[in-house]
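Q: Please take a close look at the salt bridges in this model. Then follow the chain onward to its later helices, loops and strands.

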Amino acid sequence: MSFLRPARSIRLKIGLVFGATFFLGFAGAAMYVFNQVRQVLIQQDNRTLIDRASRLAERTSVYPLVIPLPERGEVLSLDYTANNVKKKLYRSPSFPESASVSGRDSIVQRDTFRLARVVRMADDDYGNLSVVVGRSSNPLNHQLGQIGWLLAITLFMSMSLSILGAWWLSGWLLRPLRAIIDSARSVNQAEHVTPIPTPNSGDEFQELANTMNDMLARIRQAVDTQHNFFAAASHELRTPLSILRTEIEVAQREAINDRERHFLSSQLTELRRLSRLVDDLLAMSQLRAGTLQLRPERIELDDLTLYLTERYHHAINKRNLYLAIQLDESSASLTIVADQDKLTNVLLNLLDNAVKYARPNTQLDLSIVAQNDQIVWSLSNQTNVPIPDPDRLTREFYQADVRHDGYGLGLWISHQIVRLMGSSLTVSATNETFRAEVRFSA
């Protein structure tokens with residue numbers, strides 16, 4: 001799903017930037033509107049209180065004493081002042097004790113009440129009459145709270161819609177880029193380099209696709225040239241190398257001294273290494289070009305394994321290693337269908353790696369067991385140093401320890417051949433123990 005893409009994606013960044021920008025802009029506008037509405041409501045409430053206090057003041061008389069009663073929810077205080085003598089005419093029981101209002105027409109907030117004060121001349125034009133009317137501020141605060149919540153909900157919904165809109169719009173705008181990425185990923189996973197579809201948009205995406213196709217064309221040409229060179233060089237080198245090996249083997253049988261025999265033996269060893277490299281390069285070219293031919297046949301895997309380990313008996317003893325073989329005796333047959341020549345090369349390569357990289361005076365554990373509908377061939381050995389990333393061993397020209405002989409092609413070729421045979425080769429390393437496992441269909 002697109003919502004599960006990494007947090008670094010351009011689409012998510014566009015959505016977040018757009019949402020944050022909209023939030024800041026709308027939040028500023030909402031706060032301005034809320035303050036304006038708040039001022040209007042407070043001014044309206046102030047005018048209402050002043051008008052109410054003025055009406056009560058007009059209905060109040062000192063001689064004779066006439067005191068209007070406050071409405072429900074109101075508090076009232078009446079004071080008469082003459083000759084600097086202040087006389088309290090009336091005060092509601094719930095009137096705030098600490099309330100003191102100064103000024104002729106003024107509004108104050110005391111506790112939970114809003115108080116308005118009006119002063120006028122008494123009927124006898126001798127003294128001043130002070131009328132203070134108050135109402136609870138809770139209704140005004142409740143109304144302001146409702147408006148604030150309404151603006152907050154509107155802000156949240158608008159921001160959510162803006163983020164979703166930006167998400168959809170950015171996805172629509174970046175759709176050509178996503179197509180280019182998917183095509184490039186398929187090119188990376190495929191055996192052959194294929195062109196990326198070019199969108200007919202006339203913008204930067206079309207230019208990017210054309211540029212990448214030009215780059216892929218150059219890569220394809222370089223890869224084809226490399227494969228052709230490897231194939232041609234391998235074919236050309238195999239014949240002279242075979243002739244040299246044959247001549248050296250014949251010369252070894254002649255009556256020569258020990259020094260010459262040792263010299264020829266050393267040359268023969270180097271020729272065999274060179275021949276193996278040529279064979280690996282040829283196999284790599286065939287695998288890359290898809291021209292490697294397989295001849296499937298029924299193979300007794302246990303018999304083939306015992307035969308190959310017998311061939312490696314001398315090399316195992318030379319390294320002071322011990323080979324422990326475990327065969328699944330509960331299985332009636334350990335027969336698989338594979339190309340025997342190619343499978344022999346794969347198993348020999350795994351045995352050679354185990355012997356080459358194993359710690360001296362340790363044990364090699366080889367087992368063949370039947371699991372469900374599969375036959376598992378595995379080989380484990382103790383390594384000299386830990387292998388941090390064993391998966392890289394199946395890549396071309398990669399060596400975990402460059403101090404040993406080799407070119408880093410054996411495991412990659414084995415992995416590709418096993419895959420072509422419908423099986424799987426996996427390698428793992430834990431606690432300085434390296435394990436190669438091949439799973440065949442029974």
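A: The charged pairs come first, followed by the later part of the chain.

The model is predicted: local features need pLDDT of at least 70, side-chain atom pairs count only at pLDDT 80 or more, and totals for chains, interfaces and linings use all residues. Residues are numbered from 1 along each chain as its sequence is written, and side-chain values use heavy atoms, with hydrogens and water left out.

Side chains of opposite charge can pair when their charged atoms come close. Here a salt bridge is a side-chain nitrogen of Lys or Arg within 4 Å of a carboxyl oxygen of Asp or Glu, and by this rule the count comes to eleven. One of them joins Arg-114 to Asp-45, with 2.9 Å from N to O. This pair links distant parts of the chain, 69 residues apart: Arg-114 is in strand S4 (residues 113-121) and Asp-45 in helix H1 (residues 10-59). Helices (H or I, at least four residues) and strands (E, at least two) are DSSP runs, numbered from the N terminus. Arg-114 counts as buried because its relative accessibility is 10%; buried means under 20% relative accessible area, exposed over 50%, and partly exposed in between (1.4 Å probe, protein chains only).

Helix H1 also supplies Arg-52, whose salt bridge partner is Glu-74, with the closest N and O atoms 3.0 Å apart. Glu-74 belongs to strand S1 (residues 74-82), and this pair too links distant parts of the chain, 22 residues apart. Arg-52 is buried at 5% relative accessibility, and Glu-74 is buried at 8%. Arg-52 and Glu-74 belong to a network of salt bridges that also takes in Glu-71 and Arg-135.

Asp-79 and Lys-88 form another salt bridge, in which the closest N and O atoms are 3.6 Å apart. Asp-79 is buried at 6% relative accessibility, whereas Lys-88 is partly exposed at 46%.

Further along the chain is helix H8 (residues 340-357), with 18 residues. Its end C-alpha atoms are 26 Å apart, which agrees with the 26 Å expected at 1.5 Å a residue; the expected span is 1.5 Å times one less than the number of residues. Because 13 of the 18 residues are buried, H8 is largely enclosed by the rest of the structure. Asp-339 caps the N-terminal end of H8, with a side-chain oxygen 3.1 Å from the backbone nitrogen of Asp-341.

Next come the loops. Most residues other than glycine have a negative phi. Asn-361, in the loop between H8 and strand S9 (363-371), has a positive phi near 65 degrees and is exposed at 53% relative accessibility. Asn-372, in the loop between S9 and strand S10 (374-382), also has a positive phi, about 55 degrees, and is exposed with a relative accessible area of 82%.

Helix H9 (residues 410-420) has buried residues including Leu-411, Trp-412 and Ile-413. After H9 comes Gly-422, whose phi is positive, near 80 degrees.

The last stop is a hairpin. Strands S11 (residues 424-430) and S12 (residues 433-441) pair in the antiparallel sense over seven bridges; two strands pair if DSSP finds at least two bridges between them. Ser-428 has Arg-435 in S12 as its bridge partner. Two residues lie between the strands, and Asn-431 in this hairpin takes a positive phi near 50 degrees.

Definitions and conventions:
A polar contact is a pair of N or O atoms within 3.5 Å; within protein, one must be able to donate a hydrogen and the other to accept it, and residues adjacent in sequence count only if both atoms are side-chain atoms.
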